[in-house]
Amino acid sequence: MTIDQTLQPTTLRRVFGAFPTGVTAIAALVDGSPVGLAASSFTPVSLDPPLVSVCVAHSSTTWPVLRDRPRLGVSVLGAHHERACRQLAARDGDRFASLDWRATPDGAVLVEDATAWLDCSIEQLIRAGDHDIVLLRVHELDADAAVPPLVFHASGFRRLEAA
């Protein structure tokens, strides 16, 4: 392969997809209704101060609505949330139809029965190519070790299995 061929979007997606990731829902209340998106680019960043990051495509039509919210909920989706993830990633329709969720007093929306959740505010936006790196400050969080995570790998959903 020539260098030009290896850097084509289809090749990049295939190679980037070799790295398994968890899947998160990023959501907030907008005019009293939940608005959110699915993101697999979630990364813990710092313990002090507590920071995490997520990457959002510039082509997202949902991100412009969310980026001005005072708080964002980050829900690490569980293995049983595959349908919810597909809904949250859809370009149209009610992304929260038949999805159990709750809102914090500051408007962060959290998916119920997630493996973990974080109530965050935007600390910094960093433009990076065709995405924004969104640095989030964590205000509250919790996890449920009994809920196995949903894993995204090679363009499909997977579940963890004990070694």
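Which residue in S3 is the bridge partner of Leu 29? That was my opening entry, and I found Pro 34 there. A reminder to myself before going on: this is a predicted model.

**Entry 1: the S2 and S3 hairpin**

I followed the pairing outward from Leu 29 and Pro 34. Strand S2 covers residues 24-30 and is joined to S3 by seven bridges, with the two strands running antiparallel. Between the strands of this hairpin I found two residues. I then looked up the backbone of Asp 31 and noted a positive phi near 55°.

**Entry 2: the seven-stranded sheet**

Next I asked where S2 and S3 sit in their sheet. I read the order as S3-S2-S6-S9-S10-S5-S4, an open sheet of seven strands with antiparallel pairing. S3 and S4 are the edge strands, each pairing on one side only. I also looked up how neighbouring strands are turned against each other: the average is 35°, with direction ignored.

Helix H4 packs on this sheet, where I found it touching S2 and S3. The direction of H4 makes about 100° with that of S3.

Moving inward, I checked S6, residues 72-76, against S9. Five bridges join the two, and they run antiparallel. For one pair by name, I noted that Gly 73 has Asp 119 in S9 as its bridge partner.

A general note for my own margin: strands of a sheet pair through backbone hydrogen bonds, either parallel or antiparallel.

**Entry 3: the three-stranded sheet**

I then turned to the other open sheet, which has three strands in the order S1-S11-S12, paired antiparallel. Why do S1 and S12 each have one side without a neighbour in the sheet? Both stand at the edges with a single partner strand each, so one side of each is left free of a neighbour in the sheet.

I took the pairings one at a time. S1 and S11 are joined by two bridges, and Gly 22 has Val 151 in S11 as its bridge partner. Val 151 in turn has Arg 158 as its bridge partner in S12. S11 and S12 share four bridges in the antiparallel sense, and here I also noted Phe 152 with Phe 157.

S11 and S12 form a hairpin too, with two residues between them. In its turn I found Ala 154 with a positive phi of about 50°. Helix H4 showed up again here: it lies across S11 and S12, running at about 150° to S12.

**Entry 4: Thr 21**

I stopped at Thr 21, which belongs to strand S1, residues 21-22. Its side chain reaches the backbone oxygen of Ser 40 at 3.3 Å. Leaving out residues up to four places away in sequence, I listed what Thr 21 touches: Ser 40, Leu 150, Val 151 and Phe 152.

**Entry 5: the largest pocket**

Ser 40 turned up again when I looked up the largest pocket, which has a volume of about 1600 Å³. Of its 40 lining residues, I noted Arg 13, Ala 38, Ser 40, Ala 57 and His 131 as the closest to the centre. The elements that give two or more residues to the lining are H2, S3, S5, H4, S10 and S11. Which element gives the largest share? H2 does, with five residues. By class, I wrote down 22 nonpolar, 13 polar and five charged residues.

**Entry 6: the second largest pocket**

My last look-up was the second largest pocket, with a volume of about 170 Å³. I found 13 residues in its lining, and nearest its centre lie Pro 44, Leu 51, Val 52, Leu 118 and Leu 141. S4, S5, S9 and S10 each supply at least two lining residues, and S4 gives the most, with three. How many charged residues line this pocket? I found none; the lining has twelve nonpolar residues and one polar.

Conventions: Residues numbered from 1 in each chain as written. Predicted model: local features only at pLDDT ≥ 70, side-chain atom pairs only at ≥ 80, totals over all residues. Heavy atoms only, no water. 1 Å grid on protein atoms, 1.4 Å probe; cavity = no way out; pocket = protein on both sides within 12 Å on 5 of 7 lines; lining within 4 Å. Points joined across faces, edges and corners; volume = space filled by probe spheres on them. Nonpolar A, V, L, I, M, F, W, Y, C, P; charged D, E, K, R; others polar. Polar contact = N/O pair within 3.5 Å; in protein donor to acceptor, adjacent residues only side chain to side chain. Contact = heavy atoms within 4.5 Å. Pairing = 2+ DSSP bridges. Axes fitted to C-alpha atoms, helices over the stretch in contact; angles between N-to-C directions.
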